[in-house]
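Could you walk me through this structure, one selection at a time? I have the viewer open and would like to know what to click on next and what I will find there.

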Amino acid sequence: MCRHAAWLGAPRTLAELIHEPEHGLLRQSYAPRRQRHGTVNADGFGMGWYDPDLGPDPCLAAPEPIRYRRSIPMWADANLPGLARVARSGCLLAAVRCATVGMPVEESATAPFTEGRWLLSHNGRVDRDALRDLAEGAESACDSAWLAAAVFRRLRADCSPAPASAPSASSLSASGTSASGTSASGTSASGASASGTSAVPAGAALGEALAEVVTSAAAKDPDARLNLLACDGVTLAATAWGDTLFHRPHPDGVLVASEPLCDGPGWQEVPDRSLLLATADGLRVQPL
Ligand code: GLN
């Protein structure tokens, strides 16, 4: 299993997921504490974040993410600490990889995968036959890349002009909620509504896409482990399906991670076979 982590809230740096916490992803790359499959995560790493100055994605009026990934161990990249200290955003995602036997070790097999405004990471494994008709255009033969392609394909289907009666994306924005710091990143849900181009509320679409791909893959491969973590700049969605997942609420946002980044209080384990969804309105966990 690989390890992944994300933040949604007031702007933070990627170093706050990777280097600063005692058990951040750097430490988890060589000494994870809850990993059930594999012992180290040395087959690559990646991170993604959103810079509002880069302009909106034409589909849903949020900036496209910036991504940095390598197929070397995280500890071997001497440039990473400096980059992670300045890569700052209200929505961050990072991952370290332990390649499943038989999967290629290459940059294109390394999370986060991205398309449009979306970033996605996978902890686990799945028989690619379970995704055969869904994963056209996957960038690597890696099972995780196939899962990402299937989710992006499902999300693309939602990214079409809204009927007049479609719910407004502004229904996702709320003032004074736990993750309200997302608006400080310039990627607030209300910004999406102002463009008039949004079809489906972003949070709902992301959660539904993960749920659909996970349940359909699991129906075809009952041994699959399908912990997905995805974001779109204003929403985080994650599944717990065969591996650990935790979240930790903060006054200005929420952390979501395969395992706690520190021994501080407040980490809550997400039950297996659940979907977690975090937006500016707060966080909810529901059974899959
Ligand atoms: N199966 C994926 C890969 O090979 C994820 C591996 C993992 O979670 N350890 O990269």
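Let's begin with V126. Leaving aside neighbours within four places in sequence, V126 is in contact with L131, D143, L147, A217, D221, A224 and L226. Select these together with V126 and you will see where the residue sits: in the loop between β6 (118-125) and α4. Is V126 buried or exposed? V126 is buried, because 26 other C-beta atoms lie within 10 Å, and the cut-off for that label is 20 or more. Now add T100 to the selection: T100 and V126 are 26 residues apart in sequence, and their C-alpha atoms are 9.7 Å apart in space.

Before going further, a word on what you are looking at. This is a predicted model, with an average pLDDT of 85 over the chain and 81% of the residues scoring at least 70. Colour by pLDDT and find residues 162-200, where the value stays under 50. The model has 104 contacts beyond four places in sequence for that stretch. For the complex, the predictor gives an ipTM of 0.97 and a pTM of 0.86.

Next, select helix α4, residues 143-158. At 1.5 Å a residue, its 16 residues should span 22 Å, and the end C-alpha atoms are 24 Å apart, so the two values agree. Two of the V126 contacts, D143 and L147, are among the buried residues of α4. Others on that list include W146, F152 and L155.

From the helix, move to the nonpolar core. The largest one has 80 residues, and the members that touch the most others are A6, L14, A94, V151, L210, A230 and V256. Which element supplies the largest share of this core? That is α4, with nine residues. Pick L14 for a closer view: beyond four places in sequence, L14 touches M47, W49, A84, A87, L92 and A94.

Now switch to the cartoon view and look for the open sheet. Seven strands form it in the order β3-β2-β4-β1-β10-β9-β11, with antiparallel pairing. At its edges stand β3 (65-70) and β11 (268-269); each has a single partner strand, so one side of each is left without a neighbour in the sheet. Within the sheet, select β9 (residues 246-250) and β10 (residues 253-257), which run antiparallel and are joined by five bridges. Here R248 stands opposite L255 in β10.

As you look along the strands, keep in mind that side chains in a regular strand alternate between the two faces of the sheet.

The next selection is β12, residues 274-279, where five of the six residues are buried. Strand β8 (residues 236-240) pairs with β12 in the antiparallel sense over five bridges. To see one of the pairings, select A237 and its bridge partner in β12, L277. Strand β13 (residues 282-287) also pairs with β12, antiparallel and over six bridges. A hairpin through two residues joins β12 to β13, and T279 stands opposite G282 in β13.

Finally, zoom out to the whole chain. How many helices and strands does the chain have? There are six helices and 13 strands. Of the 288 residues, 54% are buried. Among contacts between residues at least 6 apart in sequence, 72% join residues at least 24 apart; the contacts of L14 and V126 are a good place to start exploring.

Conventions: Residues numbered from 1 in each chain as written. Buried ≥ 20, exposed ≤ 12 C-beta atoms within 10 Å, placed from the backbone. Helix = DSSP H or I, 4+ residues; strand = E, 2+ residues; numbered from the N terminus. Pairing = 2+ DSSP bridges. Expected span 1.5 Å × (residues − 1). Contact = placed C-beta atoms within 7 Å. Core = buried A, V, L, I, M, F, W, Y, C linked by C-beta atoms within 7 Å. pLDDT = per-residue confidence, 0-100.
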